[in-house]
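Please look over this structure with me, point by point. The notes are meant for someone who is new to reading such models.

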There are 2 protein chains.
Amino acid sequence: MPLPSRVTDLTSFDLLLSVAELGSIGRAAKAHGISQPAASARLRQLERQVGVPLLERATRGARLTTAGELVAGWALPAVERAADLEAGIAALRADRHTHLRIAASLTVAEYLLPRWLIALRAADPDTVTALSSGNSHEVAAQVLAGDVDLGFVEGPELPPGLRASDVATDELVLVVAPGHRWASRRRRPRAAELAGTPLVSREPGSGTRQAWEWALRACGETELAAPLLEVSSTTAIKAAAIGGIGPAVLSAHAVVPELDAGTLVRVPVPDLDLRRRLRAVWPSGQTLRGPAADLLAIALRSRTEG
Amino acid sequence: MPLPSRVTDLTSFDLLLSVAELGSIGRAAKAHGISQPAASARLRQLERQVGVPLLERATRGARLTTAGELVAGWALPAVERAADLEAGIAALRADRHTHLRIAASLTVAEYLLPRWLIALRAADPDTVTALSSGNSHEVAAQVLAGDVDLGFVEGPELPPGLRASDVATDELVLVVAPGHRWASRRRRPRAAELAGTPLVSREPGSGTRQAWEWALRACGETELAAPLLEVSSTTAIKAAAIGGIGPAVLSAHAVVPELDAGTLVRVPVPDLDLRRRLRAVWPSGQTLRGPAADLLAIALRSRTEG
DNA sequence: CAAAGGCATAACCGTAGCCTATGCATCCAT
DNA sequence: ATGGATGCATAGGCTACGGTTATGCCTTTG
């Protein structure tokens, strides 16, 4: 289901947010590096598309109307997530002139790292960060080899030679579409049924899938059903689960919006321990310095909030 | 700080997500209503901008690379929030041919309603919803007058003639920039100090501001300091607080991303009860039917998740 | 071995969005 | 009062981006 074109271009909404913050169209235009007429035209067109006045133009500036408040409130999360996306891409892109090299497992890279990088840029504006992603073993190997300054891994194992510090907790959750039988309290599955039910799943080798299978084995289930559908990306798994293809297992971080909206329902599985520690790792010999130390501090600081 | 242009246009990222879901560039193109060459060109350009291959083109379709996975993972939340924005705008825009009329206080309209509307559209695709926003008194009046079918209010008061049902809990939180003295555990303020400290605040009459002042008065504080800065929008308050202008009070929903990132720090205020019930209201005479009943069911369903 | 499915390239075209220049209204200071 | 400053709107002209159709090449499949 593609996004309607009305909201694919966030520029006008970003501009609206700047007007809210700065109090005038002209100042917002300057902040965005465009001319005042261009900003004025964009905002006018935005109002036409929304069908409701968003700004009160006074002679001394412009303020948001009530509708403008609402639109700005809805636009802000979209812009913030786009900023996360930008931070991630910047870290993928960075190749040369890099001051900080990090490696992260998929869960950390996807859900935690972008905002840490934004916070890092606020602290050290000139630091360029390069990110490589892989499974926890690969990350640990890169740290040990000195290819990266700091790594983030999931899971309990840790090769010798590394120091570690907990930065977050991840939890796998079993989710189904609202109509599924497991969605009702009465029909919650136990470990044996889970092991015997085909799920929508990632490829073998994916950290999430491994963790799920380990948790079932730790529970005494050795016969695991083959996946119902193997797809390449978290995105596709969510789409399949929402579409009612079948149950899926995903990181709790991945499904927060769907649980909020009720498009997916979480199925508690008290039999299984699905929690995982997410940890920062670095060579045990050395003390972290510079941007690496700052990033670790940021990660630890955000930990205290959760 | 405007968004870099690389991520202002979500079209290409949305297309990437469709490729992840559908397995081929051509099918993704069709889903978006554009030609296959157009999609191919967009994705190629996206790869150029990111600087890393995102897709493995096979003769039988296309799959995401590891980097593509990451980008898709970062892009999905942005696209989802844009979908929320779209749902909100659609509800603001709807004027004629409307089947369901609702009114909501700002907090509900901003943070909860868009996803409910998306879920409602999944349930009743043909329903057109019109939203009006106001403070809780206005919402209640509109429901009583029959101007809307369903309302959402915050706060404890409820005029006679309305039935109500809890759909969520809101909580105000006091936040400061990480460097502020209150950020450290040792220096947390008590009610008296809070009452005497100027805050970054919304105009008088805003529900958030009223609730904060009531909570302080309930605590025996009658002398409240004048605001440090009065700004018109939540956006501007967040920007001011992050910039270190001063402490601010906001809905917990509003600052989740900032707390996650560590750009704002929550200051616990055990003295004050800052929780508020968010409730759906409708005329006590009648039983809800049709889309209004569906929307209430969706709101109640999402309540069980939090 | 033919056919089909899927991606890339080429050539053409329409329009959306930007800029500069200018006008008009309002507020403020002298 | 009045001139200056501030801020938004309008007009005209230009560029460039993104779309379409047509076509070619490669690989898998029956």
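The points below take up the contact between two chains and then the surroundings of one DNA strand.

1. This is a predicted model, in which local features need pLDDT of at least 70 and side-chain atom pairs count only at pLDDT 80 or more, while totals for chains, interfaces and linings use all residues. Residues are numbered from 1 along each chain as its sequence is written, chains are lettered from A and ligands numbered from 1 in the order in which they are written, and side-chain values use heavy atoms, with hydrogens and water left out.

2. Chain B and chain A each give 80 residues to their contact, where contact means heavy atoms within 4.5 Å. Between chain B and chain A there are 8 salt bridges, a salt bridge being a side-chain nitrogen of Lys or Arg within 4 Å of a carboxyl oxygen of Asp or Glu. One salt bridge joins R6(B) to E86(A), with the closest N and O atoms 3.7 Å apart.

3. DNA strand D is surrounded by 21 residues, and the closest are I25(A), S40(A), R44(A), R57(A) and R42(B). Of the atoms of DNA strand D within 4 Å of the protein, 71% belong to sugar or phosphate, and the rest belong to bases.

4. Which part of DNA strand D lies 2.7 Å from a polar side-chain atom of R42(B)? That part is a phosphate oxygen, whereas an N or O atom in the side chain of Q36(A) is 3.2 Å from a base nitrogen of DNA strand D. The side chain of T59(B) has an N or O atom 3.3 Å from a sugar or linking oxygen of DNA strand D.

Technical notes: A residue is near a molecule or strand if one of its heavy atoms lies within 4 Å of it. A polar contact is a pair of N or O atoms within 3.5 Å; within protein, one must be able to donate a hydrogen and the other to accept it, and residues adjacent in sequence count only if both atoms are side-chain atoms.
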